Amino acid sequence: MEHINNYMHEVQDIALGIDRSSIQKMVSYLKDYKDRGRVFVLGVGGSAANASHMVNDLRKLCGIEAYAPTDNVSELSARTNDEGFETTFIEYLKVSRFNEYDCVFVLSVGGGSKEKNVSVNLINAIDYARKKDGVVLSIVGKLNGYAVRASNASVVVPYIKENRITPHSEAFQAVIWHCLVSHPELQINATKW
C-alpha cells in the first residue's frame with residue numbers, strides 16, 4: 001500500500017502544480033484550427049499511443065483536422081528502415097505539405113535533446129514546423145527539453161520523483177489533452193457518456 005499511496009499523492013500534487021495559463025494558451029491556438037489548418041500530433045513510445053488517441057478526440061469531438069504520423073506503421077517503418085528514425089516525422093510533414101496554417105503538437109517525456117541525441121525525429125519536425133512558420137505546441141515532462149524552448153505554448157508536467165517522470169508525464173498528457181478537447185471553446189460534439 002505504501003507505493004500506491006505515494007503514487008496517488010504524487011498524482012494529486014502534479015495536478016495541483018499544472019500551469020493552467022499554458023493550457024488556456026493552447027486552447028487559443030487550437031481554436032484557429034477549427035476552420036483552417038491541421039494539427040499533426042507527434043509522439044514516440046507511449047506518447048505515440050497518446051498521439052493516436054488525441055488525434056481521435058481532436059477530430060471527433062472538436063472537428064479539427066488532425067493526424068498522427070505513427071498511425072501509419074508502413075510509412076513509419078519504411079522511413080526508419082530506408083532513411084533512419086530521425087527523418088520519420090519531418091518527411092511526413094513535407095509530404096503533407098505542412099505550412100504556416102498548420103500545427104505540430106508534441107507529446108514527449110523529455111522533449112528531445114540535440115546534445116544527448118534523443119528524440120531527434122521530434123527535434124527535426126519542430127525545426128521544420130518553425131521554418132514553415134507553423135505553430136508548435138507541446139506537453140512534456142522535462143523543463144529543459146528542446147520542445148519547451150521551441151514551442152509557442154508548452155505544458156510541463158511537474159515531476160515529484162525523478163524515477164516516475166515517464167509514467168506521470170504520459171498519464172498527464174492524457175489528462176491535459178482531455179482538458180483541451182472538452183473545453184467549451186473547442187468541443188463541438190458531445191460524448192456518448
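Start in the core: select β1 and β3, which run parallel and are joined by four bridges. Strands pair here if DSSP finds at least two bridges between them. Elements are DSSP runs numbered from the N terminus: helices are H or I with at least four residues, strands are E with at least two.

Before moving on, note that this is a predicted model, where local features need pLDDT of at least 70, side-chain atom pairs count only at pLDDT 80 or more, and totals for chains, interfaces and linings use all residues. Residues are numbered from 1 along each chain as its sequence is written, and side-chain values use heavy atoms, with hydrogens and water left out.

**Stop 1: strand β1**

Select residues 39-42. Val-39 and Val-41 point one way, Phe-40 and Leu-42 the other way, and all are buried. Buried means under 20% relative accessible area, exposed means over 50%, and partly exposed is in between (1.4 Å probe, protein chains only). Now add Phe-105 in β3: Val-41 stands opposite this residue.

Turn to strand β2, residues 66-67. It runs parallel to β1, with two bridges between them. Look for Ala-66 in β2, opposite Val-39.

Next, show helix α3, residues 46-62. Together β1, α3 and β2 form a right-handed β-α-β unit. Right-handed means that, with the strands pointing away from the viewer, the path from the first strand over the helix to the second runs clockwise.

**Stop 2: Gly-111**

Select Gly-111, in the loop between β3 (103-108) and α6 (120-131). Its relative accessible area is 1%, so Gly-111 is buried. What is Gly-111 in contact with, leaving aside its neighbours within four places in sequence? Show Val-140, Gly-145, Tyr-146 and Ala-147. Contact means heavy atoms within 4.5 Å. Measure C-alpha to C-alpha from Gly-111 to Gly-145: they are 4.5 Å apart in space and 34 residues apart in sequence.

**Stop 3: salt bridges**

Side chains of opposite charge can pair when their charged atoms come close. A salt bridge is a side-chain nitrogen of Lys or Arg within 4 Å of a carboxyl oxygen of Asp or Glu. The whole structure has nine of them.

Select Arg-164 and Glu-10. Their side chains meet in a salt bridge at 2.5 Å, N to O. Arg-164 lies in the loop between β5 (153-156) and α8 (165-181) and Glu-10 in helix α1, so the pair ties together parts 154 residues apart in sequence. Are these two buried or exposed? Arg-164 counts as buried at 14% relative accessibility, and Glu-10 is buried at 4%.

Move to Lys-142 and Glu-162, a salt bridge of 3.2 Å, N to O. Lys-142 is in the loop between β4 (135-140) and α7 (146-150) and Glu-162 in the loop between β5 and α8, so this pair ties together parts 20 residues apart in sequence. Lys-142 is partly exposed at 23%, as is Glu-162 at 46%.

Then pick Arg-36 and Asp-32, whose side chains meet at 3.9 Å, N to O. Arg-36 is partly exposed at 35%, and Asp-32 is partly exposed at 36%.

Finally, select Glu-75, Arg-79 and Glu-83. Salt bridges link them in a network.

**Stop 4: helix α1**

Select residues 2-17. Met-8 is found in this helix. Its relative accessible area is 52%, so Met-8 is exposed.
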